[in-house]
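Me: I should like to learn how to read the features of a protein model. May we go through the structure shown here together?

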Amino acid sequence: MIKQLLSAVLILLFTITPYNASKSAASGKVDVIINGQPINCTLTPHVENGNLMLPVREMFELFGFSVKWDKRSKSINITKKEKTIIIKDAALSANINKAKVNLALPIKKINGNYYASTEVFQSALGLNLNYV
């Protein structure tokens, strides 16, 4: 009985979530939720092919990281104490303390700011990210 109820809830969640996501993307307004709490981004989050894209500098600086662009390697270098994150331009992965994290999409420059898909934020910061 519990398995059937859990299955029904999961099916309902997967059915409702894409509707809300496409509704938000169509309206152009994306509300970001981190660990159950809505946040206000200075730069507008984007949804691309169903993937939430967040501003790299704004998100990491919010958590006290230093964010720098390396022209030579064409990568974003993000550091804080013992943690180093490297995201190379056009790559489908990031390195977090030398561990590879696959990304749904490569980083993308939008209006002069780089955006990344949620995998890098979830892996580096341990966040639960959603959008509506």
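Reply: Let us begin with the pairing of β7 and β8 in this predicted model. Strand β8 covers residues 93-96, and 3 bridges join β7 to β8 in an antiparallel arrangement.

Me: Which residue stands opposite A94 of β8?

Reply: The residue facing A94 is I87. As for the link between the strands, β7 and β8 form a hairpin with 4 residues between them. In that turn, A90 has a positive phi of about 70°.

Me: With which strand does β7, residues 83-88, pair over 6 bridges?

Reply: That strand is β6, which spans residues 75-80, and the two pair in the antiparallel sense. They too are joined as a hairpin, here with 2 residues between them. The turn contains K81, whose phi is positive at about 45°.

Me: How should I follow a single residue such as N77 through this region?

Reply: One may take its place, its partner, its exposure and its contacts in turn. N77 is located in strand β6, and its bridge partner in β7 is I86. Apart from neighbours within four places in sequence, N77 is in contact with S66, V67, K68, D70, I85 and I86. For S66, which is 11 residues away along the chain, the C-alpha atom is separated from that of N77 by 8.1 Å.

Me: Is N77 buried or exposed, or does it fall between the two?

Reply: Buried is a term for residues under 20% relative accessible area, and exposed for those over 50%. N77 has a relative accessibility of 23%, so it counts as partly exposed.

Me: How is the order of strands in an open sheet to be read?

Reply: The order lists the strands as they lie side by side. Here 4 strands form an open sheet, in the order β3-β4-β11-β10, with antiparallel pairing. At the edges stand β3 (46-48) and β10 (108-110); each has a single partner strand, so one side of each is left without a neighbour in the sheet. On average, neighbouring strands of this sheet are turned by 40° against each other, direction ignored.

Me: How many bridges connect β4 and β11 within that sheet?

Reply: Strand β4 (residues 51-55) and strand β11 (residues 113-117) pair over 3 bridges, in the antiparallel sense. Within this pair, M53 stands opposite S117. A helix belongs to the picture as well: α3, residues 118-125, lies across β4 and β11 and runs at about 75° to β11.

Me: What surrounds S117, and is this residue buried or exposed?

Reply: S117, in strand β11, has a relative accessible area of 0%, and is therefore buried. Not counting residues up to four places away in sequence, S117 touches L52, M53, L103, A104 and L105. In addition, the side chains of S117 and E119 are joined by a polar contact of 2.4 Å.

Me: What describes the protein chain as a whole?

Reply: Its secondary structure comes to 3 helices and 12 strands. Of the 132 residues in the protein chain, 31% are buried. The chain exposes about 8,500 Å², of which carbon and sulfur atoms supply 56%.

Me: What share of the contacts with a separation of 6 or more comes from residues 24 or more positions apart?

Reply: Such residues account for 41% of those contacts in the protein chain.

How values were computed:
Residues are numbered from 1 along each chain as its sequence is written. This is a predicted model: local features need pLDDT of at least 70, side-chain atom pairs count only at pLDDT 80 or more; totals for chains, interfaces and linings use all residues. Side-chain values use heavy atoms; hydrogens and water are left out. Two strands pair if DSSP finds at least two bridges between them. Axes are lines fitted to C-alpha atoms, for helices over the stretch in contact, and angles run from 0 to 180 degrees between N-to-C directions. Contact means heavy atoms within 4.5 Å. Buried means under 20% relative accessible area, exposed over 50%, partly exposed in between (1.4 Å probe, protein chains only). Accessible areas come from the Shrake-Rupley method with a 1.4 Å probe; for residues, only the protein chains shown count as cover. A polar contact is a pair of N or O atoms within 3.5 Å; within protein, one must be able to donate a hydrogen and the other to accept it, and residues adjacent in sequence count only if both atoms are side-chain atoms.
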